Structures are given as C-alpha cells and as structure tokens.
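Work through the exercises below with the structure in view. Each task is followed by a solution in steps.

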Amino acid sequence: MGMTIAEKILARASGLSWVEPGQLLTARLDVVMGHDVSLPMAAKEFARMGGRRVFDPERVILVNDHGCPPHSIKAAQACAEVRDFARKQGIRHFYDLGKNGISHVLLPELGLIKPGDLVIGGDSHTCTYGALGAFATGVGSTDLAAGLVTGECWFRVPESKKYVYYGRPGPWVTGKDYILYTIGSIGVDGALYAAMEFTGEAISALSMDGRFTMCNMAIEAGAKTGIVPPDEVTRAYMAERGKDYEPVASDPDSAYVSVWECDVSQLEPQVAIPHSPGNVRGVSAVAGVKVDQVIIGSCTNGRLEDLRLAAMVLKGRKVHPSVRAIVIPGSQRVLASCLSEGLLRIFLEAGVAISMPTCGPCYGGHTGLLAAGERTVSTTNRNFIGRMGHPESEIYLTNPAVAAASAVAGSIVHPREVMDK
Amino acid sequence: MKLKGRVWKLGENIDTDCIVPGQYLTLFEPGELAKHCLEGLDPEMPSKLNPGDIIVAGRNFGCGSSREHAPIALKGAGIACVIAPSFARIFFRNAINIGLNVLESKEALELVNDGDILEIDLEDGFLTNLATKKTCKVSPMPGFVKEIMEAGGLTNYVRQRQIGNA
C-alpha cells in the first residue's frame, strides 16, 4: 500500500521507508519557527534542557509579529528576548519591525519553506505552510525548545482525510469561504489529529494565497495539519522565489480514513458567527447585522490578493460613518505592493485606518480591540469569546470582500449589494 | 499515584482564549498565569480554584492556540488533572510536556457532577466518585508519553538525554 503525502514526508524525515497512521516516530526537522509569544518561554526551556547552541542556525526562523510593535513594556521585553536569542545564536533568519511581516505570511513570501519540508512552529497556525505541500504543524514552547536543541520532534503519524472541492466558485467566493464552509460542516473537532489533504479541481484553480488561507484554518477543525499536494501553481510560486524542490505527492493507492466532497459552485460567501469558527452560515442568513469595526488582515487573509479584493470593493466608496475599518497588510512586501498598486490610496480615500504588518488585534493584543457590546467583522481565524477584546464583544469571520462591503454598508452584506450600486 | 480533588465540570470546546486570554501572553511565571486561569470563562474563576482541584470537561478541551501558557496556568493554579473525552492535540501535547496530568475518558462526564470529590488512580487507570462510589476506567498513555510524564516533563526528559550524550 502506498503512502499519503503527509505520511511520505514523515517517513522521509524519520529515515523510514514506510509509516502508517498511529505510529510514533522521531523526525528531523527542516525548519523550526518561533515568535515573540512562543520564543521567550522556549528560550528558558532551551537553557534548562542544557541547550547551548541551536542545532542549526540556518534552519531556525524567528519573527517578532505578535506584540510587535510592542504595546507594553512586557511586550517590548519579549521582542528584546527574541532579538537577543537570535543574536547570540547567530540566527540569520530573524525578522524584526520594519523588515518583517506576520510569520505565516512572511516565511513563504521569502521562499523559506519548500514542498516536502517538515516544519514545526511555536504557533498553532504553522499549518499554513501546508499550502506549499510541506508538513507543517504548531507546537508549544517546550516542544519548540526541544526542536531548537535537537533539530528533531516526536510525532504520532496522523490519519489522512481527503477533502475534495469541485466546480467553479461564484463571484466573491474564495478559499476563505471553502474552509469556513468545511469547518462549519465537519465541526471544530471534525479533523481532530488528522492531516487534511485539500484536493480537487477547485483547489487546482485556487491561487497560492487562497491555499494559504485554507491551510491556515485547518487547526480550527482540530487538524494536525492541512496540506495541498504540489502542482503547477506550487512550481510557479517556488520558481518566482528561485527555489528548487523534490516533487512529493500522495500515492494513488494510499489510504484515507474519510473523503469529504464539496461543490463550490453551490456556495455563497460564508460567515462564522459568534462564538466559534465552526458556527458557520451563508452571508445571506446574517445580512443586516450591524457592525462597529472591520479588520482586514492576519495570517489568514493579509496577503496581496486579499487586499486587492478588499480594495476592489472599497474603491470609490466610503466606510460607513458608524464603522471603524482597519487594514493590516501581512508583511512589509505586501504593504509595498499595496503602495505601488494604488491600494493604499483607495483605503485612505475610503476612510480606512492603515496599520503596519502585525498580528495585532487578531489575538487580542493591540491595534483595534473591542469594547463591551461592540461587534467586528474580521478576516481573521478565531472568534472565541473575548478573542479580540471585551468578553461582551462579538466577532464575525468572513472573507476580505464581505469585510470590505460590510464596512461600507455598516452591516454585514453580500459584496454584490455594495458593488451593484 | 492517587489524586483526589473537587470536580469542576466544564462544557465542550473550552478554548485557549478562555483558559488564558490574549492580553496575558506576555506573562510566563506559573504563579502569574494562575491568577488569570479560566478568566475567559468566569472572571472570578482564578479565585475559586484551589490546589488539587480536578477539571472534568466535554470534548475537544484546549482547542485553539498552541499557547503553552494555557496548561501552565492550569498547573500553576494547582489543577491536579484534566479529564475529557477528547483533547485538542497541541494542548494535549503541551500538557504532557509540562507535566500536567491529562486523561482521556468518555465516561468521566457521566460519572461526576460539579462539586463532587473524584479520586484518580493513575497507576491502574481508575476514576472513583467518592460520593456515589461509581467508577470508570481511563485510557492509558502510550509508553513514550509515559516516559516523558515520569521524567517530569519534556525539559527533564531532553536534559537527561543531553547529559547522556555529553
């Protein structure tokens, strides 16, 4: 019997010719990633473990992205600790304010992740890199520390579940809608411990940015990882970055515990309503809900394609008088492209506040939290109680077009309501 | 090893923002994090918890973020064990790594009510409700994981091996 792509990557990394779900193994890591929330704690454990030098400074990537720019003294201390660790360990791949981005936007952009790579990161949305056909998964600070010391991590081989998307999407339906619909359908533990393999003609037709969005939210279904087997889109993306890689694919006779199918032509834009990413409705069911704030950005939807989509809706229009809209480009390079493409002018003229790249409000850090009784539409990935501010605030998760349209309308709307006027 | 404590019965999908809200992610001392343990669920919760208490929760406990702050806060507050039919994978792994007892049991929720005293026999894998005398069995840990727990967490486990390799 053959292996799925997830199994193959784990097998190769652990020096085994064949692995099966449930098997425990120790594997060599291609990339170990940390940021200002996970690394300070990891650095302490690193020292307690007897670590002196990281296993390979070239394979460690550190980004200040959460409490960056620092919004408190403690956040400043955390960023300083990452800086200090990077310097002492000679870590070249350290990205700080002004030269950074949100890690899961930045690392692929820089060509630091390749198809077939085995990646752990001190962040639950590390699974984002699966869009490139890497096996990427989030870990806590102690696993991160162990990875920094040994260059290895233990894994229980996950079961692979196949998700097939076919048909052609209607206007304003994006990768965000595919994954929201999926999580709404299978539940927040519907893929618990599994490797979600995203395939089908609709995935083949999906841009890399759309694939990042989908894999980013695999964790919200409880998955160990989300993965898109490399294809022509992957090859072109890596070629743009001048990176070669060895092809990797699932064998035709590999085993999946389940196959789930979706006809994307039947989808309208999706909305995750309070207070769970699994609480999903079509936008028409939620239309008219009043909105106080709109956030467009994050590791889910902070890439250039996302901001182009938002700008398409906002162009020549104004943010509703009772709404505050914030756009957060996911990296310095995305911000630069927004400038050169005229998107910043569109945002400014619409009355949108523009932020530097940061995770900011997504995790309740800074740059646009909510007061009691306030409601936000956000292109982020989680809407648990209190996630973005007061426990009595509400978060609705959408794609960038719905977010932008809702900013204009002052309430949640299908983008065509705004575009057709 | 036997544990005995008051049960806090919680719902399903208790997420990591609920266990440690995002604004506290710049803290890392267990004592500091304990002051905000489960604050997202109930602002008074940190003052209600006592060392030795046991959490029996619904499925998918600890879903959401990889923040190790979550199990650290629970351990810092003195929670002796968390029992649930299923756990979010990163939380489960983190709990093992820092030495917080986590047990998978499908029957535990039926066995107890909030406020009951529960006894846990970690060696034999039995839960006993001391009021009703009802018991149920819990799934044992895989061997590798037991080794990490017995070493007192991943840090000790790795350090022992580093010293061995020196």
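**Exercise 1.** Find how the lining of the second largest cavity divides by class, and which residues of each chain line this cavity.

Solution. Step 1: the model is a predicted one. By class, the lining of the second largest cavity has seven nonpolar, four polar and one charged residues.
Step 2: from chain A, the lining takes V188(A), L192(A), I219(A) and G222(A).
Step 3: from chain B come N60(B), G62(B), C63(B), G64(B), A88(B), R89(B), I90(B) and F91(B).
Step 4: the charged residue is R89(B), because Arg counts as charged.
Step 5: the volume of the second largest cavity is about 70 Å³.

**Exercise 2.** Search the whole structure for cavities of 30 Å³ or more, and describe the largest cavity.

Solution. Step 1: the search gives three cavities of 30 Å³ or more.
Step 2: for the largest cavity, the volume is about 270 Å³.
Step 3: its lining has 29 residues, and those nearest the centre are H35(A), H66(A), D123(A), H125(A) and Y363(A).
Step 4: two elements of chain A, α4 (103-109) and α11 (298-301), give two or more residues to this lining.
Step 5: sorted by class, the lining of the largest cavity has 15 polar, eight nonpolar and six charged residues.

**Exercise 3.** State how many residues each chain brings to the contact between chain B and chain A, and what area the two chains bury.

Solution. Step 1: chain A brings 40 residues to the contact and chain B brings 39 residues.
Step 2: the size of an interface is often given as the accessible area lost when the parts come together.
Step 3: for chain B and chain A this buried area is about 3400 Å², with 60% of it on carbon and sulfur atoms.

**Exercise 4.** Count the salt bridges and polar contacts between chain B and chain A, then describe the side of chain B that touches chain A.

Solution. Step 1: three salt bridges are found across the interface of chain B and chain A.
Step 2: one of them joins R59(B) to D189(A), whose closest N and O atoms are 2.8 Å apart. This pair qualifies because the cut-off for a salt bridge is 4 Å.
Step 3: between chain B and chain A, 15 residue pairs are in polar contact.
Step 4: on chain B, the elements α4 (69-76), α5 (89-98), α7 (143-150) and α8 (154-165) each supply at least two residues of the side that touches chain A.
Step 5: α5(B) gives the largest share of that side, seven residues.
Step 6: by class, the side of chain B that touches chain A has eight charged, 14 polar and 17 nonpolar residues.

Note on methods
Residues are numbered from 1 along each chain as its sequence is written. Chains are lettered from A and ligands numbered from 1 in the order in which they are written. This is a predicted model: local features need pLDDT of at least 70, side-chain atom pairs count only at pLDDT 80 or more; totals for chains, interfaces and linings use all residues. Side-chain values use heavy atoms; hydrogens and water are left out. Contact means heavy atoms within 4.5 Å. Buried area is the accessible area (1.4 Å probe) that two parts lose on being put together, summed over both. A salt bridge is a side-chain nitrogen of Lys or Arg within 4 Å of a carboxyl oxygen of Asp or Glu. A polar contact is a pair of N or O atoms within 3.5 Å; within protein, one must be able to donate a hydrogen and the other to accept it, and residues adjacent in sequence count only if both atoms are side-chain atoms. Helices (H or I, at least four residues) and strands (E, at least two) are DSSP runs, numbered from the N terminus. On a 1 Å grid over the protein atoms alone, a cavity is a set of points where a 1.4 Å probe fits but cannot get out, and a pocket is an open set with protein on both sides within 12 Å along at least five of seven lines; lining residues have an atom within 4 Å of a point. Grid points are joined across faces, edges and corners, and a volume is the space filled by probe spheres set on the points.
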